[in-house]
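Thanks for coming. I will go through one structure today, starting with the overall picture and ending at the ligand.

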Amino acid sequence: MTTHDVEIAIVGAGFSGLGAAIKLAQAGSDDYVVLDRGSDFGGTWRDNVYPGAACDVPSHLYSYSFAQNPGWTRSYSHQPEIHRYINAVADEHKIADKAWFGTDVTGADWNEDEARWIIQGKRNGKKITVRARTMVGGIGPLCEPNLPDIDGLKSFGGKIVHTAQWDEDYDFAGKRIAVIGTGASAIQVVPQLGKIAGQLDVYQRTAPWIIPRNERPYLPVENWAFKNVPGLQSAIRGTIYTASETVAAGMTWAPKALKPVELICKGNIFRGIRDPKLREAVTPEFAVGCKRILKSNDWYPTLDRPNVSLVTDGIDKVTKTGIVTKDGTVRDVDVIVVATGFHVTDSPAFATIRGVGGKSLAQVWEKDGMQGYKGSFVHGFPNLMLLVGPSTGLGHTSMVYMIESQLNYLVDYVRKTTAAGVIRTDVKKEAQDRYNADLQKTMRTSVWVNGGCASWYKDVNGNVTSLWPGFTFTFRNKTREFDIAAYDVTSAPRVET
Ligand code: N01
């Protein structure tokens with residue numbers, strides 16, 4: 001076993017972990033490492049390689065403000081291009097030397113005597129320990145695939161694949177395929193599978209709201225302009241950002257104002273499907289915005305294909321050869337694609353991060369759900385900064401904006417605590433409680449609470465603890481500076497000479 005001492009350990013090499021490394025390096029920190037179980041940068045954009053994987057936030061906004069990309073080939077980027085972009089940014093900022101890929105972090109314990117995080121893991125199969133003054137959690141909320149608890153699923157005799165763990169070597173062509181789920185991942189993979197499947201059964205538990213996807217390739221002249229016209233990319237970013245913030249206002253304070261979006265979605269159904277019964281089956285029964293509003297031009301036409309069936313009867317069980325629905329119908333298949341999302345509010349990783357007194361995040365969040373301060377620090381977990389932590393997720397705009405807000409906070413935390421000789425920083429319980437009470441008060445009028453749906457935005461208690469309510473520029477303002485007064489801090493003992 002090898003042991004390494006560093007000032008800062010960043011866990012995760014996705015958008016947030018890489019951004020943290022770049023911003024810390026720019027602020028003059030050199031004593032940090034990035035730990036990631038994968039083989040390069042990208043996180044969820046490295047791992048989600050199912051056919052059709054793409055972003056539903058426009059390319060120019062779904063990128064770092066400090067690494068704008070005039071070369072985007074499409075108005076909405078697909079997974080391979082985002083993955084390439086993230087790695088190109090890492091190269092440009094020379095972060096690769098700091099990244100320990102092939103490192104599976106298995107647990108992290110706060111050591112009070114040393115005021116350090118003791119991080120355990122395996123690097124290329126060998127045990128390692130990293131002792132860090134500060135741990136930055138950049139693991140992202142969409143990294144632990146959720147396998148549904150369906151009777152018999154595990155003993156299915158054919159092939160089972162989760163969208164986030166795609167098997168690129170498996171040949172789906174001509175196969176009888178079942179897809180479970182109709183969320184953001186399913187609506188991207190189903191149209192691709194529909195083109196090649198012998199038979200495709202799509203199991204829908206809840207119909208989603210879907211607006212048309214305004215995607216197109218950029219013309220060479222546009223790419224020329226993005227590169228050469230000063231301020232053009234920033235102006236495009238600003239325009240997309242402003243438009244999406246308007247939606248945020250509706251989602252948080254006036255869900256009825258989203259009615260026009262519902263009409264656009266209904267138009268999408270009408271255009272995409274001819275069969276009135278099928279139209280009815282795909283029309284959602286909850287308020288638009290309560291779950292993520294999806295974007296697709298080919299989902300409905302795919303459901304209308306002769307080789308594709310929409311199954312709305314609930315799943316009873318999976319047998320060795322297929323799926324049985326509650327009405328007793330048996331549909332045999334060769335492969336089951338599980339598009340059932342991720343453990344977000346109940347991530348298994350929460351049990352492996354143990355703070356003061358050995359209590360894990362899973363234990364402290366068990367009763368009241370995920371709570372933190374400014375989405376970043378959690379009382380009882382000193383010197384741990386979570387990126388995309390509690391109440392930072394979004395249903396309407398780019399997560400990269402939220403991540404960059406947190407990076408400001410991280411850099412200022414390091415700067416202020418280092419300057420003051422602080423070795424232990426723990427957010428005060430009162431500050432955290434006040435912050436969360438305010439958030440939940442704002443949340444009360446929102447469509448996520450009142451829209452009549454169940455969603456992964458909610459925790460087991462029904463509270464929306466994964467989303468940021470309101471405008472994202474409010475979060476940017478809150479995280480502009482590290483407000484050290486909200487924290488209990490301990491300075492390093494003075495050394496007499
Ligand atoms: O997962 P989901 P996802 N039996 O949780 C169904 C991001 N993302 O991977 O609605 C039957 O949204 C479940 O049904 P119901 C984005 O943030 C972004 O699709 O709960 N069905 C639902 O239909 C997104 O929100 C992009 O009734 C079951 C589906 O599975 C997040 O990832 C692209 C079931 C799960 O949908 C997750 O999306 C892709 C069961 N037991 C993903 N359990 C971009 O474009 C669950 N379901 C940026």
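**Overview**

The protein chain has 14 helices and 20 strands. Please keep in mind that this is a predicted model. The C-alpha atoms of the protein chain fill a box of roughly 85 × 55 × 45 Å along the principal axes. A compact globule with 497 residues would have a radius of gyration near 23 Å, and the protein chain has 23 Å, so the two agree.

Next, the domains. The domain assignment gives two entries: domain 1, made of 2–41 + 95–144 + 343–491, and domain 2, made of 147–217 + 244–340. Their C-alpha centres lie 32 Å apart. How many residues of each are in contact with the other? On the domain 1 side there are 17 residues, and these touch 15 residues of domain 2. Helix H13, residues 447–450, gives the largest share of the domain 1 side, with 3 residues. By class, that side of domain 1 has 12 polar and 5 nonpolar residues, and no charged residues.

Now to one sheet. It is an open sheet of 5 strands in the order S7-S16-S8-S9-S12, with parallel pairing. Which strands stand at the edges? They are strand S7 (159–162) and strand S12 (308–311); each has a single partner strand, so one side of each is left without a neighbour in the sheet. On average, neighbouring strands of this sheet are turned by 20° against each other, direction ignored.

As a reminder, strands of a sheet pair through backbone hydrogen bonds, either parallel or antiparallel. Strand S9, residues 199–203, pairs with S12 in the parallel sense over 4 bridges. Within that part of the sheet, Tyr203 stands opposite Val311 in S12.

Helix H4 lies across strand S8 (176–180), S9, S12 and strand S16 (335–338). Relative to S8, H4 runs at about 170°.

H4 comes up again at the ligand. The shell around the ligand draws its largest share, 3 residues, from helix H4, residues 184–196. In total 25 residues surround the ligand, and the closest are Pro148, Gly181, Gly183, Thr206 and Gly341. By class, the shell has 14 nonpolar, 8 polar and 3 charged residues.

Where does the ligand lie with respect to the two domains? Domain 1 and domain 2 both give residues to the shell, so the ligand lies between them.

That is the end of my part.

How values were computed: Residues are numbered from 1 along each chain as its sequence is written. This is a predicted model: local features need pLDDT of at least 70, side-chain atom pairs count only at pLDDT 80 or more; totals for chains, interfaces and linings use all residues. Domain bounds come from an automatic or database domain assignment. Two residues are in contact if their C-beta atoms, placed from the backbone, lie within 7 Å. Helices (H or I, at least four residues) and strands (E, at least two) are DSSP runs, numbered from the N terminus. Ala, Val, Leu, Ile, Met, Phe, Trp, Tyr, Cys and Pro count as nonpolar, Asp, Glu, Lys and Arg as charged, and the others, Gly among them, as polar. A residue is near a molecule or strand if its C-beta atom, placed from the backbone, lies within 6 Å of it. Two strands pair if DSSP finds at least two bridges between them. Axes are lines fitted to C-alpha atoms, for helices over the stretch in contact, and angles run from 0 to 180 degrees between N-to-C directions. The radius of gyration is taken over C-alpha atoms; the globule rule is 2.2 Å times the number of residues to the power 0.38.
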